[in-house]
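Work through the exercises below with the sequence and the model open. Each task is followed by a solution in steps.

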Amino acid sequence: MSSSGSIRMSAAPTAQQSPGLKTYFKTPEGHYKLCYEKTHPTGLLHYSHGKAVTQATLAHLKEKPVSQPLPSGGLSGTTGVKLAARLLGGGNGSRTLNFGGGNGTSRTISGSKIGSSVHGPSSTTNGPTTSNYDGEGTYLIFNVGDTLFISDFNSHDKDPIKAIHFSSSNPICHAFDPDAKDGHDLIIGLNSGDVYSVSLRQQLQDPGKKLVGTQHYNKDGSLSSSRCTAVAWVPDEDGVFVAAHADGNLYIYDKNKDGSGDSSFPIIKDLTQYNVAHARSSKSNPIARWHICQGSVNSISFSIDGGFLATVGRDGYLRIFDFSKEQLIFGGKSYYGALLCCAWRLFLHQKPYYTVLTASIS
């Protein structure tokens, strides 16, 4: 695109452009003409077709351990949320973070359709086809409609290298844990209430096949059929993650438990009151249910040390919990309406302290 005030003068467009796309317009600083329109592979459902991105996550894959092969399946299901500063602070493994090239090794592009997995997600992949693809580097994970996209954050070409399509439900939220010990570092919450855990590296290593090595939680809404609104990994607690739902409940999972015990919880008598219930069996998964509020829990966020959990909801309240003690220690109501999201910030001035940032509907 060029401007008469900065690059060059442009006359009225002469080349044929895509219908419905404005190719020529005037502004106070000059005239602009669309010189290049990028096309996309027909096998890839592009993410800009009039739909909004629900959530974006930066995922930094560390160097692959040599002595610990990736699991091919079985029980594994943990991931979490790390602040963007921590995700980007170390660069790409031993390399400096830059925009000069992609992650891992060179790759070829394919666009084959994959069959359904456990819950029905299939995958249309454009990604690495070499079995020794390490995947080390930084990736951008985001979801649009019924599709979860993975892009190489360090590549000049920002098009997704993998697109996972969910046929029966939409992905709503996801979280990544760069320190996961078993390889399962990504959890995905769906509109149906189902929650999946997968290995991001395995997805990058295995294009052209169905989703690899998934672990399924709240299958078919067995605990809660309401939308999964947020997921988060508990910092410094290997295998523990949290999933929040639109019914006001928050479930705590432990990937090290097989879930063979009774996973039911008692009926909530007062929907307006905070309530904690623990699983009846030591083998149950989830291990606990927190009823936070009447209405949707819109977002959750752990402090960096994992000591505190912040939640915001449709009722307009910010709530701060001491996570280990399961105690509500602070609350405040929005003046404008429902609170949509929250995040922690650590200040290092004489004595470290935290603040919580929120956003609301005006």
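**Exercise 1.** In which strand does His216 lie?

*Solution.* The model is predicted: local features need pLDDT of at least 70, side-chain atom pairs count only at pLDDT 80 or more, and totals for chains, interfaces and linings use all residues. Residues are numbered from 1 along each chain as its sequence is written, and side-chain values use heavy atoms, with hydrogens and water left out.

Step 1. His216 belongs to strand β11, residues 215–217. Strands (E, at least two residues) are DSSP runs numbered from the N terminus.

Step 2. Is His216 buried or exposed? His216 counts as buried because its relative accessible area is 16%; buried means under 20%, exposed over 50%, partly exposed in between (1.4 Å probe, protein chains only).

Step 3. Its side chain makes a polar contact with that of Asp194, at 2.7 Å. Such a contact is a pair of N or O atoms within 3.5 Å; within protein, one must be able to donate a hydrogen and the other to accept it, and residues adjacent in sequence count only if both atoms are side-chain atoms.

**Exercise 2.** Describe the surroundings of strand β19 (residues 317–322).

*Solution.*

Step 1. Five of the six residues of β19 are buried.

Step 2. Strand β18 (residues 308–313) pairs with β19 in the antiparallel sense over five bridges; pairing needs at least two DSSP bridges between two strands. Leu309 has Phe321 in β19 as its bridge partner. The two strands form a hairpin with three residues between them, and Gly316 in the turn has a positive phi of about 85°.

Step 3. With strand β20 (residues 327–333), β19 pairs in the antiparallel sense over six bridges. Arg319 has Gly331 in β20 as its bridge partner. Four residues separate β19 and β20 in their hairpin, where Glu326 in the turn has a positive phi of about 55°.
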